[in-house]
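Visitor: I would like to go through this model and ask how its labels are earned. Where should we begin?

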Amino acid sequence: MAIKNALLVDDSKVARFALSKILENRDMEVNMASSAEEALDFLSKNTAPDVIFMDHLMPGMSGVEAAKAIKSNPDTAGIPIIMCTSKKSSSFSDEAKNFGIYSILTKPPQSEGLTIMLEQLATDVERGTLPMPENLSSLASDEEAAITLPAESRSESTSAAGANDVPLTAELIEQISRSAVKTNINNRLHELLNDLFDEQYIHVKRALEDNEKKQEARIEEHLKTLTELVDERTRNLRDEVAAEINMNLSRELAISRKEMAKNSGFTAEHMAELKDHITSVQTIDTEFWQTLQSEAVQQAHEISRETAEDIAQRTIDLYVAQQKAAHSRIYTLGLAVSLGIFSVGIAWLSGLFG
């Protein structure tokens, strides 16, 4: 299982910034909290991260107390916690692991060591071999007992403590004053460093933005210059090509004109040849028309003769048909008269023998 997101808990902006850059270079999503209280509030409202980087010493709730609170909550007890501290003692590492700390990351963090630690964490998460807190329940019960201490006991302890009060000497007051001044100076230096980091961060960010804008403007101007140069070179090349083409065309046209001039016009020999050709054509044309005319006259005579013969034949056929029709009418009339007389005779004979 790959470690994809982390929660950084540190009151130092410088430390958060440095560690976040290392994690972001590993393509991890990083959320930040400036105190343990803010980290607990984040865990109660958001999805649990894959790992928590917890600072050891912070104002208010310390990193150890925050780790105990996280491991005491069943909803967040399974989140591995890496304690970020400057302590390098083995006793502190053993103590931290007793209440659920996965590993110790020494400040300032190194990229190689952090990579090895995250790879081992991914392996342990995948295999389910994350270390479980050993003394967390006893520590929680001790804290609860301390919190629920009766008022009588508190008064007794207070009176006992009052009985054992150490008198305030000048040396003790000086030590207390030095400690207070040192603490105040450290807190003030921490605030000044945070303010300085914020100012430097804003200044660097603004400088980077200005540099990026200038770089973009410079690139745009350079591209514009290159575009104009390319356009100019292209235009010059286009003009040169057009001029070369026009020159070649002019040369070819001049050569063509010369060739045409050489081949144009008729010489005397050409005119004599053309005259002879026209004369021969006219002669052939005259002979053709004469032959055609004689053939036409001959065909006309033949057509006239054939037409006259056809008319004569049709006249004869018509006369013969008319004669045949006349004879047929006379024959029919005679036959009718004969049949009439024969009928009358039959009737007369029928009358005689009837």
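Guide: With one residue, in what is a predicted model. At 66% relative accessibility, Asp-27 counts as exposed.

Visitor: Why is Asp-27 called exposed?

Guide: Exposed means a relative accessible area over 50%. Asp-27 has 66%, so the label applies. The residue sits in the loop between H1 and E2. Asp-27 also has a positive phi, about 60°, although it is not a glycine.

Visitor: What makes Glu-38 partly exposed?

Guide: The label covers the range between the 20% limit for buried and the 50% limit for exposed. Glu-38 has a relative accessible area of 36%, so it is partly exposed. Glu-38 is placed in helix H2.

Visitor: Which residues does Glu-38 touch, leaving aside its neighbours within four places in sequence?

Guide: Met-32 and Ala-33 are in contact with Glu-38. As for Val-9, it is 29 residues from Glu-38 along the chain, and the two C-alpha atoms are separated by 8.4 Å.

Visitor: Why are H2 and H3 called roughly parallel to each other?

Guide: Two packed helices are described by the angle between their axes and the distance between the axes. For helix H2 (residues 36–45) and helix H3 (residues 63–72), the axes come within 10 Å and cross at roughly 20°. Angles under 35 degrees count as roughly parallel. The crossing angle of H2 and H3 falls under that limit, and they are therefore roughly parallel. The crossing of H2 past H3 is right-handed.

Visitor: Which residues of H2 and H3 meet?

Guide: From H2 there are Ala-36, Leu-40 and Leu-43, and from H3 there are Ala-66, Ala-69 and Ile-70. This contact divides into 6 nonpolar residues, no polar and no charged.

Visitor: How do you know whether H3 is mostly covered or mostly open?

Guide: By counting its buried residues, those under 20% relative accessible area. In H3, 7 of the 10 residues are buried, and the helix is mostly covered. The buried residues are Gly-63, Val-64, Ala-66, Ala-67, Lys-68, Ile-70 and Lys-71. For the chain as a whole, buried residues make up 18% of the 354 residues.

Visitor: What makes H1 and H5 oblique?

Guide: H1 and H5 pack at an angle of about 60°, with their axes 11 Å apart. Roughly parallel needs under 35 degrees, and roughly perpendicular starts at 65. The angle of about 60° fits neither range, and H1 and H5 are therefore oblique to each other. H1 passes H5 in a right-handed crossing. Leu-19, Ile-22 and Leu-23 of H1 make the contact with Ser-111, Leu-114 and Leu-118 of H5. By type, the residues in the contact of H1 with H5 are 5 nonpolar, 1 polar and no charged.

Visitor: What is the order of the strands in the sheet?

Guide: The 5 strands form an open sheet in the order E2-E1-E3-E4-E5, and the pairing is parallel.

Visitor: Why do E2 and E5 stand at the edges?

Guide: Strand E2 (29–33) and strand E5 (101–106) each have a single partner strand, so each has one side without a neighbour in the sheet. From one strand to the next, the twist averages 20°.

Visitor: How do you know that E4 and E5 pair?

Guide: Pairing asks for at least two bridges between two strands. Strand E4 (residues 81–85) and E5 are joined by 5 bridges, so they pair, and they run parallel. In that pairing, Cys-84 stands opposite Leu-105 in E5. E3 and E4 are joined by 4 bridges, so they pass the test as well, and they too run parallel. Asp-55 stands opposite Cys-84 in E4.

Visitor: Which way do the residues of E4 point?

Guide: Ile-81, Met-83 and Thr-85 point one way, Ile-82 and Cys-84 the other way, and all are buried. That matches the count for E4, with 5 of its 5 residues buried.

Visitor: Which helices lie on the sheet?

Guide: Helix H1 (residues 13–24) lies across E1, E2, E3, E4 and E5, running at about 165° to E2. H2 also packs on the sheet, touching E1, E2 and E3, and its direction makes about 150° with that of E1.

Methods:
Residues numbered from 1 in each chain as written. Predicted model: local features only at pLDDT ≥ 70, side-chain atom pairs only at ≥ 80, totals over all residues. Heavy atoms only, no water. Axes fitted to C-alpha atoms, helices over the stretch in contact; angles between N-to-C directions. Helix = DSSP H or I, 4+ residues; strand = E, 2+ residues; numbered from the N terminus. Parallel < 35°, antiparallel > 145°, perpendicular 65-115°, else oblique. Left-handed = near helix turned anticlockwise from the far one by under 90°. Contact = heavy atoms within 4.5 Å. Nonpolar A, V, L, I, M, F, W, Y, C, P; charged D, E, K, R; others polar. Buried < 20%, exposed > 50% of the residue type's maximum accessible area, 1.4 Å probe, protein only.
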